[in-house]
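Here are a few notes to help you find your way around this protein. Have the structure open beside you as you read.

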Amino acid sequence: MIRSIGISRRSLLRSGAAAAAVSITSPYIARAEEYPSRNIDVIIPTREGGGADRNFRAFTNVWKKYLNTNFEPGFYPGASGRVGYEVFMGKAAPDAYSLIFGNMGPEVLNWVVKAPEFSLDDYFYFGRVDSDPSCVFVGAESPFQSIDDIVAEGQKRKLNVGTSRMAHPASIGILALGEKTGAEFNLIPLSGGKNTIAGAVTGEVDFSVLTSGSVIAKRDSVRTVLVFGDNLVGDRLNNAPTINDHFGMDLPPMLSARAFAIHRKAADDFPDRYEKLVATFAQAFQDPELVTEYEKSGGTPEYLSFGNADDCAVYVKAILELGAKYQSLLSGA
(Lines give C-alpha, C1' and ligand atoms only; values in the text may rest on other atoms or scores of the structure.)
Protein backbone atom coordinates (compact mmCIF):
# COMPACT_ATOMS: atom_id res chain seq x y z
CA MET A 1 0.00 0.00 0.00
CA ILE A 2 1.34 3.42 -0.87
CA ARG A 3 2.27 5.45 2.18
CA SER A 4 1.95 9.20 2.58
CA ILE A 5 5.33 10.89 2.36
CA GLY A 6 6.11 14.05 4.33
CA ILE A 7 8.11 16.65 2.43
CA SER A 8 10.06 19.80 3.21
CA ARG A 9 11.66 22.39 0.97
CA ARG A 10 15.02 20.63 1.21
CA SER A 11 13.66 17.11 0.75
CA LEU A 12 11.41 18.35 -2.08
CA LEU A 13 14.45 19.47 -4.03
CA ARG A 14 16.33 16.27 -3.24
CA SER A 15 13.51 13.79 -3.92
CA GLY A 16 12.21 15.75 -6.89
CA ALA A 17 15.60 15.68 -8.56
CA ALA A 18 15.89 11.95 -8.04
CA ALA A 19 12.37 11.31 -9.24
CA ALA A 20 12.67 13.45 -12.32
CA ALA A 21 15.94 12.13 -13.76
CA VAL A 22 15.01 14.01 -16.89
CA SER A 23 15.46 17.55 -18.17
CA ILE A 24 13.33 19.71 -20.37
CA THR A 25 16.47 20.38 -22.40
CA SER A 26 16.86 16.73 -23.37
CA PRO A 27 16.93 15.94 -27.10
CA TYR A 28 13.65 14.03 -26.82
CA ILE A 29 11.86 17.05 -25.45
CA ALA A 30 13.50 19.39 -27.92
CA ARG A 31 11.87 17.46 -30.74
CA ALA A 32 8.47 18.11 -29.13
CA GLU A 33 8.94 21.81 -28.48
CA GLU A 34 5.94 22.73 -30.64
CA TYR A 35 3.68 21.13 -28.00
CA PRO A 36 1.62 22.57 -26.43
CA SER A 37 0.40 25.18 -28.88
CA ARG A 38 -2.72 25.97 -26.83
CA ASN A 39 -4.09 25.61 -23.32
CA ILE A 40 -4.58 22.18 -21.82
CA ASP A 41 -8.09 21.30 -20.66
CA VAL A 42 -8.33 19.44 -17.35
CA ILE A 43 -11.49 17.73 -16.14
CA ILE A 44 -11.91 17.74 -12.35
CA PRO A 45 -14.65 15.29 -11.30
CA THR A 46 -15.47 17.18 -8.09
CA ARG A 47 -16.81 20.62 -7.16
CA GLU A 48 -15.02 23.89 -7.74
CA GLY A 49 -13.42 25.15 -4.54
CA GLY A 50 -12.85 21.69 -3.06
CA GLY A 51 -9.65 19.89 -2.13
CA ALA A 52 -8.92 18.69 -5.67
CA ASP A 53 -9.44 22.20 -7.04
CA ARG A 54 -7.09 23.65 -4.41
CA ASN A 55 -4.40 21.08 -5.19
CA PHE A 56 -4.88 21.48 -8.94
CA ARG A 57 -4.42 25.25 -8.86
CA ALA A 58 -1.41 25.12 -6.53
CA PHE A 59 0.38 22.52 -8.62
CA THR A 60 -0.43 23.93 -12.06
CA ASN A 61 0.67 27.41 -10.96
CA VAL A 62 4.15 25.89 -10.92
CA TRP A 63 3.79 23.32 -13.71
CA LYS A 64 2.71 25.93 -16.27
CA LYS A 65 6.12 27.60 -16.01
CA TYR A 66 7.78 24.50 -17.45
CA LEU A 67 5.11 23.45 -19.90
CA ASN A 68 4.71 27.09 -21.03
CA THR A 69 0.93 27.01 -21.23
CA ASN A 70 -2.14 27.44 -19.05
CA PHE A 71 -4.44 24.78 -17.68
CA GLU A 72 -8.19 25.27 -18.05
CA PRO A 73 -10.24 23.34 -15.47
CA GLY A 74 -13.76 22.04 -15.99
CA PHE A 75 -15.73 20.75 -13.01
CA TYR A 76 -18.03 17.71 -13.22
CA PRO A 77 -19.01 16.69 -9.67
CA GLY A 78 -21.97 14.43 -10.50
CA ALA A 79 -22.46 10.82 -9.38
CA SER A 80 -19.52 10.76 -6.96
CA GLY A 81 -17.10 11.72 -9.70
CA ARG A 82 -18.31 9.23 -12.29
CA VAL A 83 -19.68 11.97 -14.54
CA GLY A 84 -16.26 13.55 -14.92
CA TYR A 85 -14.71 10.31 -16.07
CA GLU A 86 -17.58 9.64 -18.47
CA VAL A 87 -17.07 13.07 -20.02
CA PHE A 88 -13.31 12.54 -20.20
CA MET A 89 -13.57 9.10 -21.78
CA GLY A 90 -16.56 9.86 -23.99
CA LYS A 91 -16.10 13.43 -25.18
CA ALA A 92 -12.52 14.63 -24.61
CA ALA A 93 -10.21 14.14 -27.57
CA PRO A 94 -7.30 11.73 -26.91
CA ASP A 95 -4.67 14.21 -28.11
CA ALA A 96 -2.78 15.08 -24.89
CA TYR A 97 -4.59 18.41 -24.73
CA SER A 98 -7.19 16.88 -22.40
CA LEU A 99 -6.31 15.48 -18.99
CA ILE A 100 -8.25 14.51 -15.89
CA PHE A 101 -7.16 15.41 -12.37
CA GLY A 102 -8.71 12.87 -10.07
CA ASN A 103 -8.61 11.61 -6.51
CA MET A 104 -7.43 8.09 -7.19
CA GLY A 105 -8.63 6.62 -3.88
CA PRO A 106 -12.39 7.21 -4.02
CA GLU A 107 -12.59 7.37 -7.80
CA VAL A 108 -10.97 3.98 -8.32
CA LEU A 109 -13.21 2.58 -5.56
CA ASN A 110 -16.13 3.73 -7.71
CA TRP A 111 -15.25 1.07 -10.24
CA VAL A 112 -15.30 -1.62 -7.55
CA VAL A 113 -18.81 -0.69 -6.43
CA LYS A 114 -20.08 -0.36 -10.00
CA ALA A 115 -18.03 -1.07 -13.13
CA PRO A 116 -17.70 1.84 -15.58
CA GLU A 117 -19.02 1.75 -19.13
CA PHE A 118 -15.47 2.22 -20.46
CA SER A 119 -12.40 0.03 -20.03
CA LEU A 120 -10.11 0.91 -17.12
CA ASP A 121 -7.20 0.22 -19.47
CA ASP A 122 -8.21 3.14 -21.71
CA TYR A 123 -6.80 5.75 -19.34
CA PHE A 124 -4.00 5.80 -16.79
CA TYR A 125 -2.61 8.10 -14.12
CA PHE A 126 0.90 9.37 -14.82
CA GLY A 127 1.53 12.03 -12.18
CA ARG A 128 0.65 11.74 -8.49
CA VAL A 129 0.66 15.02 -6.59
CA ASP A 130 -0.08 13.97 -3.00
CA SER A 131 -0.91 11.20 -0.55
CA ASP A 132 -3.54 12.28 1.97
CA PRO A 133 -4.65 10.08 4.90
CA SER A 134 -8.32 10.07 5.85
CA CYS A 135 -9.57 11.03 9.30
CA VAL A 136 -12.58 11.22 11.63
CA PHE A 137 -13.57 14.70 12.76
CA VAL A 138 -16.33 16.58 14.56
CA GLY A 139 -17.48 20.19 14.62
CA ALA A 140 -15.77 22.43 17.15
CA GLU A 141 -18.98 22.57 19.23
CA SER A 142 -19.58 18.82 19.17
CA PRO A 143 -20.14 17.06 22.50
CA PHE A 144 -17.78 14.31 21.31
CA GLN A 145 -14.30 15.01 22.61
CA SER A 146 -12.57 11.83 21.47
CA ILE A 147 -12.97 8.80 19.24
CA ASP A 148 -13.73 6.79 22.37
CA ASP A 149 -16.75 9.03 23.00
CA ILE A 150 -17.95 8.33 19.46
CA VAL A 151 -17.47 4.57 19.76
CA ALA A 152 -19.24 4.48 23.13
CA GLU A 153 -22.23 6.39 21.75
CA GLY A 154 -22.23 4.25 18.60
CA GLN A 155 -22.58 1.17 20.78
CA LYS A 156 -25.81 2.67 22.17
CA ARG A 157 -27.37 4.03 18.98
CA LYS A 158 -26.61 4.21 15.26
CA LEU A 159 -24.68 7.39 14.47
CA ASN A 160 -25.03 9.32 11.21
CA VAL A 161 -21.67 9.83 9.53
CA GLY A 162 -21.03 12.36 6.78
CA THR A 163 -18.78 11.25 3.92
CA SER A 164 -18.01 13.00 0.66
CA ARG A 165 -19.02 9.88 -1.31
CA MET A 166 -19.88 6.35 -0.36
CA ALA A 167 -16.99 4.76 -2.23
CA HIS A 168 -14.18 6.46 -0.32
CA PRO A 169 -11.20 5.19 1.70
CA ALA A 170 -12.53 7.18 4.68
CA SER A 171 -15.85 5.31 4.41
CA ILE A 172 -14.02 1.99 4.55
CA GLY A 173 -12.07 3.17 7.57
CA ILE A 174 -15.08 4.07 9.70
CA LEU A 175 -17.00 0.93 8.72
CA ALA A 176 -13.99 -1.20 9.61
CA LEU A 177 -13.88 0.56 13.00
CA GLY A 178 -17.56 -0.24 13.54
CA GLU A 179 -16.92 -3.88 12.66
CA LYS A 180 -14.06 -3.97 15.17
CA THR A 181 -15.85 -2.23 18.08
CA GLY A 182 -19.52 -3.06 17.56
CA ALA A 183 -20.41 0.61 17.12
CA GLU A 184 -23.07 1.28 14.48
CA PHE A 185 -22.46 3.89 11.82
CA ASN A 186 -24.83 5.02 9.06
CA LEU A 187 -22.90 6.59 6.16
CA ILE A 188 -24.54 9.60 4.48
CA PRO A 189 -22.92 10.81 1.24
CA LEU A 190 -22.91 14.61 1.32
CA SER A 191 -21.53 15.23 -2.18
CA GLY A 192 -18.08 16.68 -1.76
CA GLY A 193 -15.65 17.71 0.93
CA LYS A 194 -17.15 21.16 1.61
CA ASN A 195 -20.56 19.67 2.33
CA THR A 196 -19.03 16.89 4.43
CA ILE A 197 -17.24 19.41 6.62
CA ALA A 198 -20.36 21.58 6.86
CA GLY A 199 -22.40 18.56 7.94
CA ALA A 200 -20.17 18.02 10.96
CA VAL A 201 -19.91 21.72 11.83
CA THR A 202 -23.67 22.34 11.72
CA GLY A 203 -24.61 19.07 13.42
CA GLU A 204 -26.47 17.75 10.38
CA VAL A 205 -24.54 14.53 11.07
CA ASP A 206 -22.99 13.26 14.28
CA PHE A 207 -19.52 13.43 12.78
CA SER A 208 -17.78 13.11 9.42
CA VAL A 209 -14.93 11.30 7.69
CA LEU A 210 -12.82 12.82 4.94
CA THR A 211 -9.29 13.25 3.65
CA SER A 212 -7.35 15.10 6.33
CA GLY A 213 -5.89 17.80 4.07
CA SER A 214 -9.35 19.30 3.60
CA VAL A 215 -9.97 19.09 7.35
CA ILE A 216 -6.70 20.84 8.16
CA ALA A 217 -7.69 23.69 5.86
CA LYS A 218 -10.77 24.40 8.04
CA ARG A 219 -8.61 25.00 11.11
CA ASP A 220 -10.54 25.75 14.33
CA SER A 221 -14.03 25.01 12.99
CA VAL A 222 -13.42 21.26 13.30
CA ARG A 223 -11.61 18.85 15.61
CA THR A 224 -9.94 15.65 14.42
CA VAL A 225 -10.29 12.61 16.68
CA LEU A 226 -8.80 9.73 14.63
CA VAL A 227 -6.49 9.28 11.63
CA PHE A 228 -6.68 6.33 9.21
CA GLY A 229 -2.92 6.31 8.65
CA ASP A 230 0.11 8.13 10.04
CA ASN A 231 -0.48 11.53 11.60
CA LEU A 232 2.32 13.45 9.91
CA VAL A 233 1.21 16.91 11.03
CA GLY A 234 0.66 16.50 14.78
CA ASP A 235 -1.37 19.30 16.32
CA ARG A 236 -2.78 20.39 12.96
CA LEU A 237 -4.86 17.23 13.33
CA ASN A 238 -5.28 17.83 17.07
CA ASN A 239 -2.64 15.16 17.78
CA ALA A 240 -5.33 12.60 16.97
CA PRO A 241 -4.38 8.94 17.45
CA THR A 242 -4.18 6.46 14.58
CA ILE A 243 -6.74 3.70 14.24
CA ASN A 244 -4.17 0.91 14.38
CA ASP A 245 -2.37 2.22 17.47
CA HIS A 246 -5.52 3.14 19.37
CA PHE A 247 -7.63 0.10 18.59
CA GLY A 248 -4.98 -2.55 17.99
CA MET A 249 -5.98 -2.97 14.35
CA ASP A 250 -3.98 -3.76 11.23
CA LEU A 251 -5.90 -1.65 8.73
CA PRO A 252 -3.97 -0.43 5.65
CA PRO A 253 -3.66 3.36 5.49
CA MET A 254 -6.88 4.81 4.07
CA LEU A 255 -5.22 7.23 1.66
CA SER A 256 -6.47 9.41 -1.11
CA ALA A 257 -3.98 10.48 -3.77
CA ARG A 258 -4.67 13.13 -6.36
CA ALA A 259 -3.13 12.58 -9.76
CA PHE A 260 -3.25 13.58 -13.41
CA ALA A 261 -4.40 10.99 -15.94
CA ILE A 262 -4.31 10.79 -19.73
CA HIS A 263 -6.00 8.71 -22.41
CA ARG A 264 -3.82 5.70 -23.21
CA LYS A 265 -4.46 6.39 -26.89
CA ALA A 266 -3.03 9.90 -26.48
CA ALA A 267 0.15 8.57 -24.90
CA ASP A 268 0.47 5.92 -27.63
CA ASP A 269 -0.33 8.19 -30.58
CA PHE A 270 1.61 11.25 -29.35
CA PRO A 271 4.60 9.92 -27.40
CA ASP A 272 6.53 13.20 -27.70
CA ARG A 273 3.64 15.10 -26.13
CA TYR A 274 3.29 12.54 -23.36
CA GLU A 275 7.01 12.61 -22.58
CA LYS A 276 6.92 16.38 -22.34
CA LEU A 277 4.05 16.18 -19.87
CA VAL A 278 5.99 13.65 -17.80
CA ALA A 279 9.24 15.63 -17.89
CA THR A 280 7.72 18.96 -16.96
CA PHE A 281 5.54 17.39 -14.25
CA ALA A 282 8.72 16.07 -12.64
CA GLN A 283 10.38 19.46 -12.98
CA ALA A 284 7.54 21.12 -11.10
CA PHE A 285 8.32 18.87 -8.14
CA GLN A 286 11.90 20.16 -8.09
CA ASP A 287 10.77 23.76 -7.83
CA PRO A 288 10.81 25.19 -4.26
CA GLU A 289 7.88 27.40 -5.28
CA LEU A 290 5.65 24.33 -5.10
CA VAL A 291 5.75 24.32 -1.29
CA THR A 292 5.01 28.05 -1.28
CA GLU A 293 2.01 27.58 -3.56
CA TYR A 294 0.63 24.83 -1.34
CA GLU A 295 1.02 26.95 1.75
CA LYS A 296 -0.70 29.90 0.05
CA SER A 297 -3.61 27.70 -1.04
CA GLY A 298 -4.16 26.34 2.45
CA GLY A 299 -2.86 22.93 1.41
CA THR A 300 -0.61 20.60 3.37
CA PRO A 301 2.94 20.49 1.92
CA GLU A 302 3.77 17.44 4.06
CA TYR A 303 1.37 15.46 1.88
CA LEU A 304 3.12 16.31 -1.39
CA SER A 305 4.22 12.98 -2.82
CA PHE A 306 5.72 12.63 -6.29
CA GLY A 307 4.51 9.60 -8.20
CA ASN A 308 5.11 8.56 -11.80
CA ALA A 309 2.97 6.25 -13.94
CA ASP A 310 4.41 3.14 -12.34
CA ASP A 311 3.79 4.47 -8.83
CA CYS A 312 0.23 5.34 -9.76
CA ALA A 313 -0.34 1.88 -11.22
CA VAL A 314 0.80 0.28 -7.96
CA TYR A 315 -1.54 2.57 -6.02
CA VAL A 316 -4.51 1.77 -8.27
CA LYS A 317 -3.88 -1.97 -7.92
CA ALA A 318 -3.77 -1.60 -4.13
CA ILE A 319 -7.00 0.41 -4.06
CA LEU A 320 -8.78 -2.15 -6.25
CA GLU A 321 -7.66 -4.92 -3.89
CA LEU A 322 -8.73 -2.86 -0.87
CA GLY A 323 -12.12 -2.22 -2.44
CA ALA A 324 -12.64 -5.90 -3.17
CA LYS A 325 -11.72 -6.78 0.41
CA TYR A 326 -14.15 -4.28 1.95
CA GLN A 327 -16.83 -4.27 -0.73
CA SER A 328 -19.33 -5.94 1.57
CA LEU A 329 -18.95 -3.10 4.09
CA LEU A 330 -19.61 -0.48 1.44
CA SER A 331 -22.52 -2.42 -0.03
CA GLY A 332 -24.11 -2.91 3.36
CA ALA A 333 -23.57 0.65 4.60
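1. A word on terms first: accessible areas here come from the Shrake-Rupley method with a 1.4 Å probe. On that basis, the accessible surface of the protein chain comes to about 13500 Å², and 47% of that surface belongs to carbon and sulfur atoms. Please keep in mind that this is a predicted model.

2. Now the overall picture. The protein chain holds 15 helices and 12 strands. Of its 333 residues, 56% count as buried. If you look at the contacts with a separation of 6 or more, residues 24 or more positions apart account for 82% of them.

3. A good place to begin is the sheet of six strands. The sheet is open, its order is β2-β1-β3-β11-β4-β12, and its pairing is mixed. At the edges are β2 (71-75) and β12 (304-307), each of which pairs on one side only. Neighbouring strands are turned by 30 degrees against each other on average, with direction ignored.

4. Two helices are worth viewing together with that sheet. Helix α3 (residues 51-67) packs on the sheet, where it touches β1 (40-44), β2, β3 (98-103), β4 and β11. The direction of α3 makes about 160 degrees with that of β2. Helix α4 (residues 82-90) lies across β1, β3, β4 and β11, and α4 runs at about 160 degrees to β3.

5. Within the sheet, try following one pair of strands. In which sense do β4 and β11 pair, parallel or antiparallel? Strand β4 (residues 123-130) and strand β11 (residues 258-263) are antiparallel, with five bridges between them. Phe 124 stands opposite Ile 262 in β11.

6. Strand β8 (residues 207-211) deserves a look of its own. Five of its five residues are buried, so the strand is mostly covered. Strand β5 (residues 132-139) runs antiparallel to β8 and is joined to it by four bridges; here Phe 137 stands opposite Ser 208. Strand β6 (residues 159-163) runs parallel to β8, with three bridges, and Thr 163 stands opposite Val 209. As background, strands of a sheet pair through backbone hydrogen bonds, either parallel or antiparallel.

7. Helix α12 (residues 271-286) lends itself to a simple check. How far apart should its ends be? At 1.5 Å a residue, its 16 residues should span 22 Å, because the expected span is 1.5 Å times one less than the number of residues. The end C-alpha atoms are 23 Å apart, which agrees. Buried residues in α12 include Tyr 274, Leu 277, Phe 281 and Phe 285, and Lys 276 and Gln 283 are also among them. When you view any such helix, remember that an α-helix has 3.6 residues a turn, so residues three or four places apart point the same way.

8. Next come some backbone details. Most residues other than glycine have a negative phi, and most peptide bonds are trans. A cis peptide bond joins Tyr 35 and Pro 36, with omega about 0 degrees; Pro 36 lies in the loop between α2 (27-30) and β1. Ser 191 has a positive phi, near 60 degrees, and sits in the loop between β7 (185-189) and α8 (193-202). Arg 219 also has a positive phi, near 50 degrees, in the loop between α9 (212-217) and β9 (222-228).

9. Are those two positive-phi residues buried or exposed? Ser 191 has a relative accessible area of 33%, so the residue is partly exposed. Arg 219 reaches 63% relative accessibility and therefore counts as exposed, the cut-off being over 50%.

10. Finally, two threonines to visit. Thr 181, in helix α7 (residues 169-181), is buried because its relative accessible area of 19% falls under the 20% cut-off. The side chain of Thr 181 reaches the backbone nitrogen of Ala 183 at 3.3 Å. Leaving out residues up to four places away in sequence, Thr 181 touches Val 151, Gln 155 and Phe 247. Thr 300 lies in the loop between α13 (289-296) and β12 and is buried at 5% relative accessibility. Neighbours within four places aside, Thr 300 is in contact with Gly 213, Ile 216, Val 233, Arg 236 and Tyr 294.

Note on methods: Residues numbered from 1 in each chain as written. Predicted model: local features only at pLDDT ≥ 70, side-chain atom pairs only at ≥ 80, totals over all residues. Heavy atoms only, no water. Buried < 20%, exposed > 50% of the residue type's maximum accessible area, 1.4 Å probe, protein only. Pairing = 2+ DSSP bridges. Axes fitted to C-alpha atoms, helices over the stretch in contact; angles between N-to-C directions. Contact = heavy atoms within 4.5 Å. Polar contact = N/O pair within 3.5 Å; in protein donor to acceptor, adjacent residues only side chain to side chain.
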